[in-house]
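User: Please take a close look at the enclosed spaces inside this protein and at the site that holds the ligand. I should like to know which residues form each of them.

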Amino acid sequence: MSGTGKILVTGGAGFIGGHVCEALLARGASVRVLDNLDPFYDPSLKEANLAGLGNAGGDFEWIRGDIRDPEAVTRAVEGIDALIHLAALAGVRPSIERPAEYWDVNLVGTQRLLDTVKERPEVRILFGSSSSVYGGNEKVPFHEDDPVEAPVSPYAATKRAGELLARTFHHLHGHSITCLRFFTVYGPRQRPEMAIHKFTRAIASGEPVPMFGDGESSRDYTFVSDIVKGVLAALDRCEGFQLYNLGGSATTRLKDLIRMIGEALGIEPEIRRLPDQPGDVPRTFADVSRAESELGYTPEVPIAEGIRRFVDWYRQARAEGLVA
Ligand SMILES: NC(=O)c1ccc[n+]([C@@H]2O[C@H](COP(=O)([O-])OP(=O)(O)OC[C@H]3O[C@@H](n4cnc5c(N)ncnc54)[C@H](O)[C@@H]3O)[C@@H](O)[C@H]2O)c1
C-alpha cells in the first residue's frame, strides 16, 4: 500500500517525529502533527522543527494539543489514513523521578488516541516503542521473540505496556498495527539530554564529560535517517499485528563513543567518572533480521560517519543560537 494519504504524526515536533514528517512530505503525503510542545526540553527546538516542516512546501498542518485531551485528539484524527504515534515522555532517568506522569502520557494518552479511531479499522497504526523493553537481557543480539517481562525503568515498562495495548486493540478492533522498537536514535536535532548531544556539548564547551560506570557499557546507536527508512517501510507494509527491532545492528562502547565525538570535534575529551545509574541497561544490540527480511530494512550509516554528521549539525545549530 502507498505511504501517501493523510497521516497524523503525534510527537511530530520532536526529534524523530520531525524527521519522519520531513520524509513523508518529501514523498507527497499530507501530514498533520499533534504535539503539545512538552517542556521536557527547550520547546524552541520543537518550534524550529515545525517551522522547517511548514517551509518544506508540502501539505502540512499542526495542532497544538495533548494526546490525553479527547477534543484535540478527535480533531487530529479527522480524515486520516494512518497514524504514526511517537508522542511520549521519553528518557529513562526522569521516568524514575516521575513514573505516574510517564504512565499518564505514555499509556493513558496512547489509549485515548487509539479509542478515537476505534470505529475506523482502515486506519493503519505505527507505535514508537523502544529497545528498553528488553531490560537487562543478556542474550545478544536482542530478538523480537526474546523475553521482555523485566523492564528496569518506568519508561521501559510504559513502552512494553504500550505494545500490549496496541496488540489488544488490534485483536478487538482489527486495525493493522506495527510496533517499532527503536534502538538509541541519534542525528541532527537529537534531544539535548541524550548522550551524544550531551557529550558533544560538554566537549565543545571545554567541560568534562560525565561518564556513568567504567565506560564498558555498550549501545546499538541508530542514525535517524535509518530509523526514518524503517518507519516508512513499516507504514507501507502495515498489515495485521507486527513488531520489529529497528537498530543500527552494531554496538559501541561508551568510552569509544566519547573518543569518537572528541575526534570529530578535534578536541581531547576530559572524562569525569560517575557511578552506574539506576534504570540504565548494560548493553543494547538489535537483531534486525526480521525487519530486514520483511521490511527490506538495512541500517546504512555507521557510527563514526553518523557522529561526524551530528557534529556538523551541532556546530551550525550552535552558531545560529539554536542549541547551547
Ligand atoms: N530517541 C530515541 O533514541 C528513542 C529510542 C526509543 C524509542 N523512542 C521513542 O520515539 C518517540 C520519539 O522520541 P524522540 O526522541 O523524538 O523524543 P522527543 O521528546 O523529541 O519527541 C516526543 C514528542 O512528543 C511530544 N509530546 C510529549 N508529550 C505529549 C503529549 N502529552 N501530547 C502531545 N505531544 C506530546 C513532545 O512535545 C515531543 O515533541 C517516543 O515515543 C520515544 O519514546 C525514542
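Analyst:
**Cavities and ligand site**

The largest cavity holds about 40 Å³ of space. The model examined here is a predicted one. A search of the whole structure finds two cavities of 30 Å³ or more, and each is described below before the ligand site.

Lining the largest cavity are His-85, Thr-110, Leu-113, Leu-114, Ile-125, Phe-127 and Ala-166. Two elements, α5 (99–116) and β5 (124–130), each give two or more residues to this lining. The greatest contribution is that of α5, with three residues. By class, five of the lining residues are nonpolar and two are polar, while none is charged.

The second largest cavity has about 30 Å³ of space. Its lining consists of His-85, Ala-87, Ala-88, Asn-106, Thr-110, Phe-127, Thr-158 and Lys-159. Here the elements that supply two or more residues are α5 and α6 (154–173). Three residues of this lining are nonpolar, four are polar and one is charged. His-85, Thr-110 and Phe-127 appear in the lining of the largest cavity and also in that of the second largest cavity.

The ligand site comes next. There are 30 residues around the ligand, of which Ile-16, Asp-35, Tyr-41, Tyr-155 and Val-185 come nearest. Polar atoms of Tyr-41 and Val-185 can be placed against ligand oxygen atoms. For Tyr-41, a polar side-chain atom lies 2.6 Å from an oxygen atom of the ligand. For Val-185, a backbone N or O atom lies 2.7 Å from a ligand oxygen atom. Phe-15 likewise places a backbone N or O atom 2.9 Å from an oxygen atom of the ligand. On its own the ligand has 810 Å² of accessible area, and the protein covers 98% of this.

Three elements, α1 (15–26), β5 and α6, give two or more residues to the shell around the ligand. The largest share comes from β5, with three residues. By class, the shell has 15 nonpolar, eight polar and seven charged residues.

Taken together, β5 gives two or more residues to the lining of the largest cavity and also to the ligand shell. In a similar way, α6 gives two or more residues to the lining of the second largest cavity and to the shell around the ligand. As for α5, this helix is among the elements that give two or more residues to the lining of the largest cavity and to that of the second largest cavity.

Conventions: Residues numbered from 1 in each chain as written. Predicted model: local features only at pLDDT ≥ 70, side-chain atom pairs only at ≥ 80, totals over all residues. Heavy atoms only, no water. 1 Å grid on protein atoms, 1.4 Å probe; cavity = no way out; pocket = protein on both sides within 12 Å on 5 of 7 lines; lining within 4 Å. Points joined across faces, edges and corners; volume = space filled by probe spheres on them. Helix = DSSP H or I, 4+ residues; strand = E, 2+ residues; numbered from the N terminus. Nonpolar A, V, L, I, M, F, W, Y, C, P; charged D, E, K, R; others polar. Near = heavy atom within 4 Å. Polar contact = N/O pair within 3.5 Å; in protein donor to acceptor, adjacent residues only side chain to side chain. Areas by Shrake-Rupley, 256 points an atom, 1.4 Å probe, with all protein chains shown as cover.
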